[in-house]
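Work through these exercises with the structure open beside you. Try each task before you read its solution.

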Amino acid sequence: MANNNSLAELSTEKLIKRRGLLKGVLIAFGIFWVLLIGLAFYFYMAKSKATLFIPLMAFPVTLFPLLLQLKPLSTEIKKREQQ
């Protein structure tokens with residue numbers, strides 16, 4: 001909840017910049033995740049070890065805090081555009 005107060009203090013330009021940065025990081029990590037899945041399938045075919053997929057299943061959980069930060073940013077920007 002304290003994050004909403006700090007978002008209200010920031011300018012609209014800074015909010016848009018922060019939202020763009022978070023989106024860029026999420027897209028980059030998404031592409032990286034897809035590449036890791038491809039590598040895991042390749043190594044699974046070569047070595048037949050299914051344990052390579054365990055870290056890949058935990059990887060999206062690490063992105064969850066970024067998604068939680070993105071939603072209030074988008075809400076604050078929409079609120080300001082309506083005013």
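**Exercise 1.** Find how many salt bridges the model has, and list the residues linked in a network.

*Solution.* Start with the rule: a salt bridge is a side-chain nitrogen of Lys or Arg within 4 Å of a carboxyl oxygen of Asp or Glu. The count comes to 2 salt bridges. This is a predicted model, where local features need pLDDT of at least 70, side-chain atom pairs count only at pLDDT 80 or more, and totals for chains, interfaces and linings use all residues. Residues are numbered from 1 along each chain as its sequence is written, and side-chain values use heavy atoms, with hydrogens and water left out.

Step 1: K79 pairs with E76 at 3.6 Å, N to O. Step 2: E76 pairs with R80 at 3.1 Å, N to O. Step 3: join the pairs, and E76, K79 and R80 form a network of salt bridges.

**Exercise 2.** Place the pairs in their helix. Is E76 buried or exposed?

*Solution.* Helices are DSSP runs (H or I, at least four residues), numbered from the N terminus. K79 and E76 lie in helix α4 (residues 64–82), 3 residues apart. E76 and R80 are 4 residues apart in helix α4, about one turn.

Now apply the cut-offs: buried means under 20% relative accessible area, exposed over 50%, partly exposed in between (1.4 Å probe, protein chains only). E76 has 11% relative accessibility, so E76 counts as buried. K79 has 43%, so K79 counts as partly exposed.

**Exercise 3.** Locate L39 and classify its exposure.

*Solution.* L39 sits in helix α2 (residues 12–47). Its relative accessible area is 44%, so L39 is partly exposed.

How values were computed
Helix = DSSP H or I, 4+ residues; strand = E, 2+ residues; numbered from the N terminus.
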